[in-house]
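This report works through one protein chain, from its overall contacts to its core and then to a few individual residues. Please keep the sequence and the structure in view while reading.

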Amino acid sequence: MRTFAQIYQDIVERGIVAKFESYHKLYIEALKNGHSTAGLNCELTNDEIVFLKGISHEITGVRVGNCGSCIADMIRNMYRWSMDYKARVVEPIQVSESKQIGRAH
């Protein structure tokens, strides 16, 4: 069983997170400008959608149906999951060696 970190890395490597981030920026801009967000989409290919269906099943244990609404819900949920996971990931802190300063006794 893979970890969430491994799953997220797979999504990053396929470029899906970049598409989600681009979509997010367009979504925020549309909201700020008072435009409808109904026409916005992530522009995922069929292969990416099939890949995300598998990832969604791996994360939730629930198989995604093939109807348009099921696919749209899955994409929306995977978008939320990836953005939430990205926000929670803490970059490792690089600790450099420092010279200890001796204290006067």
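Among the contacts in the protein between residues at least 6 apart in sequence, 57% join residues at least 24 apart. The model is a predicted one, and its secondary structure comes to four helices and zero strands, so that the order of elements from the N terminus on reads α-α-α-α. Of the 105 residues of the protein, 26% count as buried, while the accessible surface amounts to about 8,200 Å², with 53% of that area belonging to carbon and sulfur atoms.

**The nonpolar core**

The largest nonpolar core holds 22 residues, and those that touch the most other members are I11, F20, L44, I75 and M78. Two or more residues are given to this core by each of α1, α2 (16-32), α3 (46-60) and α4 (68-88), and the largest share, eight residues, comes from α4. When residues up to four places away in sequence are not counted, I75 is in contact with F20, C42, L44 and I49. Of these partners of I75, C42 is itself buried, because its relative accessibility is 11% and the limit for a buried residue is under 20%.

**Helix α1 and its cover**

The buried residues of α1 are I7, Y8 and I11. Seen down the axis of α1, these buried residues fall within an arc of 100°, and they therefore line one face of the helix. What covers them includes α2, α3 and α4. After α1 comes G15, a residue with a positive phi, near 85°.

Helix α1 spans residues 4-13 and also contains F4. With a relative accessibility of 42%, F4 counts as partly exposed. Its contacts, not counting residues up to four places away in sequence, are with I59, W81 and Y85. Although F4 and I59 stand 55 residues apart along the chain, their C-alpha atoms are separated by 8.0 Å.

**A buried serine in α4**

Helix α4 also includes S82, which counts as buried because its relative accessibility is 0%. The side chain of S82 reaches the backbone oxygen of Y79 at a distance of 3.0 Å. Leaving aside neighbours within four places in sequence, S82 is in contact with Y8, V17 and F20. Y8 is one of the buried residues of α1, and F20 is one of the core residues that touch the most other members.

The accessibility values of four residues discussed in this report are set side by side below.

| Residue | Relative accessibility | Class |
|---|---|---|
| S82 | 0% | buried |
| C42 | 11% | buried |
| C70 | 30% | partly exposed |
| F4 | 42% | partly exposed |

**The cysteines**

Why is the sulfur of C70 not bonded to the closest cysteine sulfur, in C67? A disulfide is a covalent bond between the sulfur atoms of two cysteines. The sulfur of C70 lies 3.1 Å from that of C67, which is too far for a bond, because a disulfide requires the two sulfur atoms to be within 2.5 Å. By this rule the count of disulfides comes to zero. As for its surroundings, C70 has a relative accessible area of 30% and is partly exposed.

Methods: Residues numbered from 1 in each chain as written. Predicted model: local features only at pLDDT ≥ 70, side-chain atom pairs only at ≥ 80, totals over all residues. Heavy atoms only, no water. Buried < 20%, exposed > 50% of the residue type's maximum accessible area, 1.4 Å probe, protein only. Contact = heavy atoms within 4.5 Å. Areas by Shrake-Rupley, 256 points an atom, 1.4 Å probe, with all protein chains shown as cover. Core = buried A, V, L, I, M, F, W, Y, C linked by side-chain atoms within 4.5 Å. Arc of directions from axis to C-beta. Polar contact = N/O pair within 3.5 Å; in protein donor to acceptor, adjacent residues only side chain to side chain.
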